[in-house]
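Biologist: Before I rely on the terms used for this structure, I would like to hear what stands behind each of them. Could you show me the model and then take my questions in turn?

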Amino acid sequence: MNFAVLQFPGSNCDQDMVHVLRNVLGHSARLLWHKEKSLGDADAVFVPGGFSYGDYLRTGAIARFSPVMQAVQAFAAQGGLVLGVCNGFQILCEAGLLPGALIRNRSLQFRCEHVFLQAVTPDSPFTNRVPDGKLLRIPVAHGEGCYFADEETLARLRANRQILWRYVNARGEATDAANPNGSLDHIAGVCNEARNVAGLMPHPERASESILGGTDGRLILESMIHTLEQRAAARAA
Amino acid sequence: MTDPAITPELVQKHNLTPEEFEKIKTILGREPSYTELGIFSVMWSEHCSYKNSRPLLRTFPTKSPKVLVGAGEENAGIIDIGDGLAIAFKIESHNHPSAVEPFQGAATGVGGIIRDIFTMGARPVCSINSLRFGPITPESLPQTEDDRAAMINNRRLFSGVVAGIAHYGNCFGIPTIAGEVYFDKCYEGNPLVNAFCLGVLRHEQIARGRACGIGNPVFYVGPATGRDGLAGAAFASQDLTEESAEQQRGAVQVGDPFMEKLVCEACLELLATGAVAGIQDMGAAGLTCSTCETAARAGTGIEIELAKVPQRAPNMTPYEIMLSESQERMLIIVQKGREEEVKRIFDKWDLPWAEIGRVTDTGRMVVRNHGQLVADIPAKKLADEAPVYQREAREPDYLAAVRAFSLAAIPDTTDPVPQLKTLLEWPTLASKNWVYRQYDHMVRNGSAVCPGSDAAVLRLKEDSLPIWNPATAAAAAGAPVPEKFIALTVDGNAAYVYLDPYEGGKIAVAEAARNLACTGAVPLGVTDNLNFGNPLKPEIFWQLREAVRGLGEACRAFNAPVTGGNVSLYNQSPNGPIDPTPTVAMVGLIEKAEHITTQWFKDEGDAIILLGDPVDATDPLQGLGGSAYLQRIHGLKTGTPPRCDLDREKDLHLALRALIHSGSVKSAHDCSEGGLAVALAECCISQQIARETPRLIGAKIELAPGAGQRLDALLFGEAQARVVITTAALDAVKVLERAKLLGVPATRIGTVGGEQLRLRVGTGEWSWTAAELHDLWWNAIARAMKG
């Protein structure tokens, strides 16, 4: 596969994502500067974490105006797979590609720690390789990861099964104590209605090598790869 | 605007003595201008010139075959780690700014040290820090109104500093991977913030802060110069006073980590082109320091025009422009004819740049403003010939009482159950997760051991390196970088140093080396931060001299050369000087992933072995002098601290590494503050699986007290050269024998398992549930900060 990892001024998880896609999963991955207008031959796009443009106005608020984001909008509209992680999730929400918004953690403090996630909806391009009932142990690292949306939007997300991941404890229960940022409904990540764009606050790329303490994050990336392979096979048939 | 006349009062205001002023006149052959006076005052401050500490610093071991750039040569030292790779690292203090404005003070401390690292051509890959504050919990009850107000202020400084470090490091995208925090009354009003950064590079990529090549253009890159941070270096070289907070807020800079990230990426990209002849960051003393030092190192001159310097505020005077410490600025000397490459790269990153001058052959630093000469100084004399003082030293009187202390003054413990709990929830010993969970300690995908074990471990991979020449960048990016792991720790128990500066200095280094050995690492080098009081006081200078003697001796013993560091003097508030606090950041190398070892107990049934003697028989205080136990349980900071036998330490570290490399060690944790009991408790409770999910495991311990040995000393004494390890039960006998062959005492003291820490000493038996100990230890600081 060919993957594009966007690079905004202030992105700082861009190289981590490229490292995992390229050296751990063995695919082709390249950085795409924010001033680029084309995604080239990318099979999927990753919007990585960081502090794009310093996040001085509002997280992700300026990045969405980048030339490259116009290309991402078009790519997504045609069904291309897009995954936003952390600041990338914030950018996708600001760009209107995903519903809701991410606001400051209820604790008002940055939080960096491992959490457990439950893949709530197995039949999505981002979760289809997660074994049934398996909890994913993946780190978060953010100051503004509290997922927020109005009641109507939340109801729609539930009805359409757009909530992909929830924060849970080691027993799989979604509790306040297990939620690192106070997200509504313990939401860690969602997808769009068409199910080809997703975002999550935890960092799957930081949980993809056993030397770093775990490989659960790979299940998310491998779900995307599996989906792309199925699409390619369908096209070939 | 006309400059003020140079009067004796003005000279004094610049912290220059009449003798120093005479020396300036001799160097110039005339009276200095106002701008020149300002330039000399910052360059000859302690912060820039080490004028009071230089003779002592010369006694440190600074050489080894692995040292590629040594102490004092450049902005940071560089050490070879094999396979053509090297690391650059350094620690620096930002104590005074943090006292006045904790968030920005600490943030810019992090920013400054990161700049020192990428200035060397290295990619910054991790940060660590060492912090000291006044108490955040009541020392004794009931509290007086004043004590309560001070405690609340301590909490404000603590939370502000941590948030500032988090802000800068997280946004820049560098993992803050290790650190230490102590709380003590002596830091009230004068917190310590020592920030460390480490970068990685290839040998060929080492960049120099030299103004090489006559005629080469001098570029200024980064944000515009403002009035912030005016003369911060001079401010850092004075005592803190009641008025400091208000008057000197203007001396604290404001940091912009986003800008620094861009400047770093742009500089690394530019360095890869080969168009750079020299590079230096504008840190302390800003434009002044970077211009005269680069010229002095190259033996050239430098000429700049201030009108070309981007300025943020209107009507800035030459004095202000030269002394400003606005952040995230770099000075770059470019190969003549390659200016376009600088412009192209800095335009790509949307960064301001300006060509402000050129390299000359005059040996002089010449500064003009709109063509008018405002300073003309021999660069080498300014940078290298600051006065050097051999200060008077006198042993402090308090040491007589310290030495007179004997254990007869305190009864032995009969029930250690509440005492262990009290120690574990003492903020100095408690888990620092409230701190490190605010730091992104995992970004860059290298954190193999995160904060919470004896030392952090960082995995190096190809993107740890700066980009290579663009022509070969694609190939270099894919080239495999051999697997290497860097271990890092920072240590410094100031109570020991206060009670015996020489032994305390040795222990700071020994503990750092022991922490590295516990992770399986071999020490490579040291960067130290000497935080002391006013050196003009003979007692303070004596503390400094003795501590440096101990530090140097221990660094020699562990083959860990000092590659640079920082001296922060004048750490006194109106309450008096801080305890002498040298902090020692030590870096080590682990060659293989399977050698990485953590401190927590692993599996039920594993054998627990103590390496080293349980109690130092030659110490009349049995390891309790200066201990956390004496401080917290008895309210005493006294007694001669434990002795540090460097030979014994060395043998222990060698044996421990040999055992780890043989594959039989499942966990290793050193005994330091709080002694054996605290170490064992930490082994049971310190593994964290995920949020709200510790992995707790108990242990059954049996200790045999020697003749005349006190129970409190056996459990809480801080005898040096001790490590608790575990092995599979089947390996225990083999490991005990091997340790003895390697010349290290080894005793099996128990077995891992159950849900409780159970302890039997002679006929006494006590137990604690791991869950209760964990709650006290893990949540203590969060609870204090909520109170």
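**The sheet of chain B and its contacts**

Modeller: In this predicted model, seven strands of chain B form an open sheet with mixed pairing, in the order β23-β27-β22-β28-β26-β29-β30.

Biologist: What makes β23 and β30 of chain B the edge strands?

Modeller: Each of them, β23 (667–670) and β30 (764–769) of chain B, pairs on one side only. From one strand to the next, the twist averages 20 degrees.

Biologist: How do you know that β22 and β27 of chain B are paired?

Modeller: Pairing requires at least two bridges between two strands, and five bridges join β22 (residues 607–611) to β27 (residues 723–727) of chain B, so the two count as paired. These strands run antiparallel, and B:Ile608 stands opposite B:Thr726 in β27(B).

Biologist: Which strands of chain B does helix α21 touch as it packs on the sheet?

Modeller: Helix α21 (residues 501–519) of chain B touches β23 and β27 of chain B, and its direction makes about 170 degrees with that of β23(B). Helix α24 (residues 646–661) of chain B also packs on the sheet, touching β22, β23 and β27 of chain B, at about 155 degrees to the direction of β22(B).

Biologist: What makes a residue of chain B count as being in contact with chain A?

Modeller: The C-beta atoms of the two residues must lie within 7 Å, and on that basis 29 residues of chain B are in contact with 30 residues of chain A. The elements giving two or more residues to this side of chain B are α8 (145–172), α11 (257–273), β14 (447–449) and β24 (687–690) of chain B. Its residues divide into 12 nonpolar, seven polar and 10 charged.

Conventions. Residues numbered from 1 in each chain as written. Chains lettered and ligands numbered in written order. Predicted model: local features only at pLDDT ≥ 70, side-chain atom pairs only at ≥ 80, totals over all residues. Helix = DSSP H or I, 4+ residues; strand = E, 2+ residues; numbered from the N terminus. Nonpolar A, V, L, I, M, F, W, Y, C, P; charged D, E, K, R; others polar. Axes fitted to C-alpha atoms, helices over the stretch in contact; angles between N-to-C directions.
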